[in-house]
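Please open the model in your viewer and keep the sequence panel beside it. The tour starts with the chain as a whole and then moves to one pair of elements.

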Amino acid sequence: MSTSERDDTPVLITEAALSLDEQHKARKRKYAIMMSARIPCIVLAMVFINVWWLSVAFLVLSIPLPWMAVLIANDRPPRKSEKPSRYEVERKALESSGKDHRVIDG
């Protein structure tokens, strides 16, 4: 971006993207949650061993969880394509510009 195209007004900090550390922490949390959901699926498959279709359903559910967890954990948040919010100074007029405006010449 050239300096002539660049707007020098400050960007509001509330519109800033998450830091890389915060993004990494969120991705690790998502991965841990998805992988910890696999253990109950396997345990429930063992509990319902007498109901074969329910046991197979829990096992089939637990098979793609590691793959999905890796895909979701490696995905970065989408970039914002919108224009950044900038601080704008409110300018007030000194006088109203109505029709009954009187000018004193002197």
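With the surface display switched on for the whole chain of this predicted model, you are looking at an accessible surface of about 10,100 Å², of which carbon and sulfur atoms contribute 60%. If you then colour the chain by burial, buried residues make up 9% of its 106 residues.

Switch next to a cartoon, where the chain shows 4 helices and 0 strands, so that the pattern read along the sequence is α-α-α-α. Contacts can be drawn on the same view: among those in the chain with a separation of 6 or more, 72% are between residues 24 or more positions apart.

Now select residues 38-47, which form helix α2, together with residues 52-62, which form helix α3; the axes of these two helices come within 8 Å and cross at roughly 160°. Because angles over 145 degrees count as roughly antiparallel, this crossing makes α2 roughly antiparallel to α3. Turn the view until one helix lies in front of the other, and the crossing in which α2 passes α3 is left-handed.

Which residues make the contact between the two helices? Show side chains for R38, C41, I42, L44 and A45 on α2, and for S55, F58, L59, L61 and S62 on α3, since these are the residues that make it. Coloured by class, the contact of α2 with α3 comprises 7 nonpolar, 2 polar and 1 charged residues.

Note on methods:
Residues numbered from 1 in each chain as written. Predicted model: local features only at pLDDT ≥ 70, side-chain atom pairs only at ≥ 80, totals over all residues. Heavy atoms only, no water. Axes fitted to C-alpha atoms, helices over the stretch in contact; angles between N-to-C directions. Parallel < 35°, antiparallel > 145°, perpendicular 65-115°, else oblique. Left-handed = near helix turned anticlockwise from the far one by under 90°. Contact = heavy atoms within 4.5 Å. Nonpolar A, V, L, I, M, F, W, Y, C, P; charged D, E, K, R; others polar. Buried < 20%, exposed > 50% of the residue type's maximum accessible area, 1.4 Å probe, protein only. Areas by Shrake-Rupley, 256 points an atom, 1.4 Å probe, with all protein chains shown as cover.
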